[in-house]
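Trainee: Please take one part of this chain and look at it closely. What lies around it, and what does it help to form?

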Amino acid sequence: MDITVRPAQLADAPFVAPLIVDAIDEIANRLTGEDEPRAILNELEVLFKRSDNRHSYKNTYIAEITGEIAGIMVVYGGDKAPTLDSNLENWLVSKGAEIQTIEVEARPDEFYIDTICTAPHFRGHGVGTTLLKYADIIAKEKGYHKVSLSVEKQKERARHLYEKMSFTYAEPWMIIGEEFDHMVKEV
């Protein structure tokens, strides 16, 4: 299968939002200030269309197979995270959502893979591998020498892929009160 990767476009919002929810599950509730599934998707689309937060189209890349969205990846520099998250917190406050502080998820010198997800019917076809390789390219272009991500301890299949792609365990990392494994690789 021929997999291509491109920067996201505003029109991708309805395809990207469900994949973000698939990848981050209940974290989407916290990032949107919503509890109902349709409202969560709607607000993720709002965030995607904005340019100033972690889940913006400007930080998102799309993997396609024969013109169909096969996967997504949200990436940004760890040094950009405090500003992106402050903007997200301010947006939540402006809409009256219950908010806690959004935790920074990467070190300042890391290019961080915040969200990566393959559409269910394309899993097992190399989409995740292609996106991870593309993250290395973008990181180098932007002047980063490390790529990082955090993985839930129970996601063994994902961890296996990350280890295969040369990510190694760096440290435990707390995100919304849950312990994740922070993994890093040099590029």
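Mentor: Start with a cut-off. A residue is buried when its relative accessible area is under 20%, exposed when it is over 50%, and partly exposed in between. Keep in mind that this is a predicted model.

Now go to strand E4, residues 110-118. We begin at Thr118, which sits in that strand. Is Thr118 buried or exposed? Its relative accessibility is 13%, under the 20% limit, so Thr118 counts as buried. What touches Thr118, if we skip neighbours within four places in sequence? The list is Leu19, Asp22, Ala70, Gly71, Arg123, Val127 and Gly128.

Phe111 is in strand E4 too. The relative accessible area of Phe111 is 1%, so Phe111 is buried as well. Residues up to four places away are again left out of the contact list. Phe111 then touches Val75, Tyr76 and Gly77, and also Ala135, Ile138 and Ala139. Its other contacts are Lys142, Tyr144, Lys146, Val147 and Ser148. One more pair is worth finding on the model. Phe111 and Asp79 are 32 residues apart along the chain, yet 8.5 Å separates their C-alpha atoms.

Next, the pockets. The largest pocket has a volume of about 950 Å³. Of its 36 lining residues, Ile116, Cys117, Ala158, Leu161 and Tyr162 are the closest to its centre. Which element supplies the largest share of this lining? Strand E4 does, with seven residues. Other elements that each give at least two residues are helices H1 (13-24), H2 (27-32), H5 (127-141) and H6 (156-164), along with strand E5 (146-152). By type, the lining of the largest pocket holds 17 nonpolar, ten polar and nine charged residues.

The second largest pocket has a volume of about 180 Å³. Phe111 helps to line this one. Its other lining residues include Lys58, Asn59, Tyr61, Lys80 and Leu84. Five more lining residues, Val75, Tyr76, Gly77, Ile138 and Lys142, also appear among the contacts of Phe111. Here strand E3 (residues 68-77) gives the largest share, three residues. This lining divides into seven nonpolar, two polar and three charged residues.

Turn to the nonpolar core. The largest one has 60 residues. Ile72, Met73, Ile113, Val127, Leu132, Tyr162 and Phe167 touch the most other members. Helix H1 gives the most to this core, seven residues. Take Met73 and ignore its neighbours within four places in sequence. Met73 is in contact with Ile113, Thr115 and Ile116. Asn59, Thr60 and Tyr61 are also on its list, as are Leu131, Tyr134, Ala135 and Ile138. Ala135 and Ile138 are contacts of Phe111 too.

Now step back along the chain to the loop between helix H4 (81-94) and strand E4. Which salt bridges does this loop take part in? The side chains of Arg107 and Glu171 form one, at 2.6 Å from N to O. Arg107 is in that loop and Glu171 is in strand E6 (residues 168-175), so the pair ties together parts that are 64 residues apart in sequence. Arg107 is partly exposed, at 38% relative accessible area.

Asp109 forms another salt bridge, with Lys146, at 2.9 Å from N to O. Asp109 is in the loop between H4 and E4 and Lys146 is in strand E5, so this pair links distant parts of the chain, 37 residues apart. Both ends are partly exposed: Lys146 has a relative accessible area of 24%, and Asp109 has 39%. Shared partners also join Arg54, Asp85, Glu105 and Asp114 into one network of salt bridges. The whole structure has 19 salt bridges.

Last, two backbone points elsewhere. Most residues other than glycine have a negative phi. Asp25 is not a glycine, but its phi is positive, about 50 degrees. Look for Asp25 in the loop between H1 and H2. Ser166 also has a positive phi, near 80 degrees. Ser166 is in the loop between H6 and E6.

Definitions and conventions
Residues numbered from 1 in each chain as written. Predicted model: local features only at pLDDT ≥ 70, side-chain atom pairs only at ≥ 80, totals over all residues. Heavy atoms only, no water. 1 Å grid on protein atoms, 1.4 Å probe; cavity = no way out; pocket = protein on both sides within 12 Å on 5 of 7 lines; lining within 4 Å. Points joined across faces, edges and corners; volume = space filled by probe spheres on them. Helix = DSSP H or I, 4+ residues; strand = E, 2+ residues; numbered from the N terminus. Nonpolar A, V, L, I, M, F, W, Y, C, P; charged D, E, K, R; others polar. Salt bridge = Lys/Arg side-chain N within 4 Å of Asp/Glu carboxyl O. Buried < 20%, exposed > 50% of the residue type's maximum accessible area, 1.4 Å probe, protein only. Contact = heavy atoms within 4.5 Å. Core = buried A, V, L, I, M, F, W, Y, C linked by side-chain atoms within 4.5 Å.
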